[in-house]
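Please open the model in your viewer and keep the selection panel at hand. The stops below follow one another, and each begins with something to select.

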Amino acid sequence: MAIEKALGIDAPPRAMHVRTILIEFSRMTSHLAFLSWLPWRVADFSHSGRVHHLLDTAHDLWEGFCGNRIHPMTCRIGGTAHDVTPVFAASLNTWCMHAAALSDELRSLLDGPAGACTRGVAVIPADAVAPFGLSGPVARASGVPMDLRCPNAARRRTSRSETTTSWRTEDSRDAPRHLAYDQVNFPVVDAPTEGDAHSRLSWLCAEVRQSADLVTTLLQSLPDGELATRLPTTLKVPAGRVWSRLEAPWGRAGYLLDSRGTTSPWRLALRTPTFANVQVLEHLLPTLSVEQLEPAVASLGWTLGDLDK
């Protein structure tokens, strides 16, 4: 997307739909992986088994789509390498239906006695979101509606209108150009914004349902056409600097591309979202009891590669 932005090209509409479908599919698997902590915590083996079964089935879907169970590597400059077939679309629709139903059940589990250990734990106030560079469901659970996918989508009201407006103005510049979020009505999430572990896990549950609805809608409106834009044999990005952003599962992922006009980038820098989550843990953990450590860490997800980059 950063190279496409630098070259001033757009992927075909079908490719943008496929990209968006796969991104939301990845978001659901990521959220469910972190939500697996909740049934494990209360020894709910039924829900725990269903979460892991869905994640295993997701690997099967990826393998059927592109031949790789872990790293799909299907996106290309100007489009995608693999198409959504009717068989894959039907299987993914079924998977989304089960994921949405399970997320609703996990939300009910979280709102019941099983989630009592998460309430009021590791509170991140809204005014701490920007200083720590937080984004994604962590920011949204603190009442700051940052979402690059749809900056103008309706969100829960917040009294911090000045700060929120500045973020929305920034987001609207380049959010949907290389993806298909502007082609659908963005589902609204209704989740608490208290900034505690309960709110963050509630947002993960609600966003699984949201992503499932998005995937279903995008599959129904998948346009015909090519999967890639025709490119020259040798690709040279014009000299200059470009910044591209994406709403990854845990927040904003940024990519800085600096070109000198050759076939290789002069500089490529990544901004990963979960580094900020681990950064804020340093300030949250000393205030918690030993019993509160687990829900605090479980609600501030990170992955090793994203953290270490």
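Which cysteine sulfur is the closest to that of C117, and how far away is it? In this predicted model, select C117 together with C205: the sulfur of C205 is the closest cysteine sulfur to that of C117, yet at 13 Å it is too far for a bond. C117 itself is partly exposed, with 22% relative accessibility. Add C96, which is buried at 1% relative accessibility, and whose closest cysteine sulfur, again in C205, lies 16 Å away and is likewise too far for a bond. With a cut-off of 2.5 Å between sulfur atoms, the count of disulfides is zero.

Turn next to the charged side chains, among which 15 salt bridges are found. Select E105 and R50, whose side chains meet in a salt bridge at 2.6 Å from N to O; because E105 belongs to helix α5 (residues 86-111) and R50 to helix α4 (residues 45-66), the pair ties together parts that are 55 residues apart in sequence. Both ends are partly exposed, E105 at 31% and R50 at 33%.

Now centre on R140, which forms a salt bridge with E207 at 2.8 Å from N to O. This pair ties helix α9 (residues 197-220), where E207 lies, to helix α7 (residues 136-141), where R140 lies, across 67 residues in sequence. Both E207 and R140 are buried. R140 also forms a salt bridge with D147, the closest N and O atoms being 3.6 Å apart, and D147 is buried at 2% relative accessibility. Extend the selection to E24, R27, R149 and E247, which are linked with R140, D147 and E207 in a network of salt bridges.

Finally, select Y255, L268 and L270, which form a nonpolar surface patch with about 270 Å² of accessible area together. L270 sits in strand β5 (residues 267-271) and is partly exposed at 41% relative accessibility.

Conventions:
Residues numbered from 1 in each chain as written. Predicted model: local features only at pLDDT ≥ 70, side-chain atom pairs only at ≥ 80, totals over all residues. Heavy atoms only, no water. Buried < 20%, exposed > 50% of the residue type's maximum accessible area, 1.4 Å probe, protein only. Patch = residues over 30% accessible without salt bridge, like charges linked within 9 Å, V, L, I, M, F, W, Y side chains within 5 Å. Areas by Shrake-Rupley, 256 points an atom, 1.4 Å probe, with all protein chains shown as cover. Salt bridge = Lys/Arg side-chain N within 4 Å of Asp/Glu carboxyl O. Helix = DSSP H or I, 4+ residues; strand = E, 2+ residues; numbered from the N terminus.
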